[in-house]
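Good morning, and thank you for joining the group meeting. I should like to walk through one structure with you, beginning with its sheets and ending with its charged side chains. Please have the sequence and the model in view.

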Amino acid sequence: MNDDDYSATELGSHWFERPAPEATPDRVDGEVLRFGPGVTGAALRRAENSPTVVEIWHGTLPGVPAPRPARSRGPWRYAFAAVVLVAVLVFLAWRQYGPGVAVRDVTVSAPAHRLGCDDTADVVGLVRTDGRPGTLTYRWERSDGTRSGALSEKLARGQKEASLHLLWTFRGPGTHRAVARLVITSPSVHASAATFTYDCG
């Protein structure tokens, strides 16, 4: 067997040979065994069950790098908090500067009673919104063929209703069935109408 290729990792007690006279052990306390790099479990158990004095070398095996100390996460440990902060800021900005008012529904009501001679009808359009701030653009259309120009109503934050009024005045004798129609043109299109009667005999 080639001695240069032979490497023993564990020796039984019957294989142990004392060093030649010219070799001096590292330490002599009765019978001493020194276990170097790569102490095996079997050898360690045998040493623990034996009165033999054992010195264990605590180190790193040749060719095996020492474990690196744990790295500090540095600025990455603040990443989660930064993400949460950015999300909160985006939400607040969206509420303040994001989409404006949204219209939920529109209803129009007119006087339930008959209007008399030279009377004025107060027609009310009720617009319900989501409470965001913004501006409503609308117009009134009348059954006599006339319509208003573009009108607007500003809504504050938290204002979920807007009342829009049309005053329609009648003169002279006659009977007329009138229809008033409210058309919301912005931020989305909605319409509603109401009917009332003018009667002057």
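Let us begin at a single pairing. In strand 7, Leu-166 is the bridge partner of Val-123. I should say at once that this is a predicted model.

That pairing belongs to a longer one. Strand 4, residues 120–129, runs antiparallel to strand 7, and nine bridges join the two. Within strand 7, His-165 stands opposite Val-124.

Let us step back to the sheet. Three strands make up an open sheet in the order 3-4-7, and the pairing is antiparallel. Strand 3, residues 103–109, and strand 7 are the edge strands, each pairing on one side only. On average, neighbouring strands of this sheet are turned by 15° against each other, with direction ignored. As a general point, strands of a sheet pair through backbone hydrogen bonds, in either a parallel or an antiparallel sense.

Which side chains of strand 7 are buried, and which are not? In a regular strand, the side chains alternate between the two faces of the sheet. Strand 7, residues 161–169, shows such an alternation. Ala-162, Leu-164, Leu-166 and Trp-168 point to one face and are buried. Glu-161, Ser-163, His-165, Leu-167 and Thr-169 point to the other face and are not buried. Leu-166, with which we began, is thus on the buried face, whereas His-165 is on the other.

I turn now to the second sheet. It is an open sheet of four strands in the order 6-5-8-9, again with antiparallel pairing. Strand 6, residues 151–155, and strand 9 stand at the edges; each has a single partner strand, so one side of each is left without a neighbour in the sheet. Neighbouring strands here are turned by 25° against each other on average, direction ignored. Strand 8 and strand 9 pair in the antiparallel sense over eleven bridges. In strand 9, Asp-199 is the bridge partner of Thr-175.

Asp-199 brings us to the charged side chains. Side chains of opposite charge can pair when their charged atoms come close. How many salt bridges does the structure hold? There are eight, and I shall describe several.

In one of them, Asp-199 pairs with Arg-114, and the closest N and O atoms are 3.4 Å apart. This pair links distant parts of the chain, since Arg-114 lies in the loop between strand 3 and strand 4 and Asp-199 in strand 9, residues 190–200, at a separation of 85 residues. Arg-114 counts as exposed, because its relative accessibility is 53% and the cut-off for exposed is over 50%. Asp-199, at a relative accessible area of 32%, is partly exposed.

A further salt bridge joins the side chains of Arg-128 and Glu-161, at 3.7 Å from N to O. Here too the pair links distant parts of the chain: Arg-128 is in strand 4 and Glu-161 in strand 7, 33 residues apart. Arg-128 is partly exposed, with 31% relative accessibility, and Glu-161 is partly exposed as well, with 42%.

Next, consider Glu-141, which has its place in strand 5, residues 134–142. Is Glu-141 buried or exposed? Its relative accessibility is 13%, so Glu-141 counts as buried, the cut-off for buried being under 20%. Leaving aside residues up to four places away in sequence, Glu-141 touches Thr-146, Arg-147, Val-179, Ala-180, Arg-181 and Val-183.

Two arginines among those contacts deserve mention. The side chains of Glu-141 and Arg-181 meet in a salt bridge, at 3.0 Å from N to O. That pair also links distant parts of the chain, with Arg-181 in strand 8, residues 174–186, and Glu-141 in strand 5, 40 residues apart. Arg-181 is partly exposed, at 35% relative accessibility. In addition, salt bridges that share partners join Arg-139, Glu-141, Arg-147 and Arg-181 into one network. Between the side chains of Glu-141 and Arg-147 there is a polar contact of 3.4 Å.

I close by returning to Leu-166. Its C-alpha atom is separated by 9.7 Å from that of Glu-141, and the two residues are 25 apart along the chain. Thank you for your attention.

Notes. Residues are numbered from 1 along each chain as its sequence is written. This is a predicted model: local features need pLDDT of at least 70, side-chain atom pairs count only at pLDDT 80 or more; totals for chains, interfaces and linings use all residues. Side-chain values use heavy atoms; hydrogens and water are left out. Buried means under 20% relative accessible area, exposed over 50%, partly exposed in between (1.4 Å probe, protein chains only). Two strands pair if DSSP finds at least two bridges between them. Contact means heavy atoms within 4.5 Å. A polar contact is a pair of N or O atoms within 3.5 Å; within protein, one must be able to donate a hydrogen and the other to accept it, and residues adjacent in sequence count only if both atoms are side-chain atoms. Axes are lines fitted to C-alpha atoms, for helices over the stretch in contact, and angles run from 0 to 180 degrees between N-to-C directions. A salt bridge is a side-chain nitrogen of Lys or Arg within 4 Å of a carboxyl oxygen of Asp or Glu.
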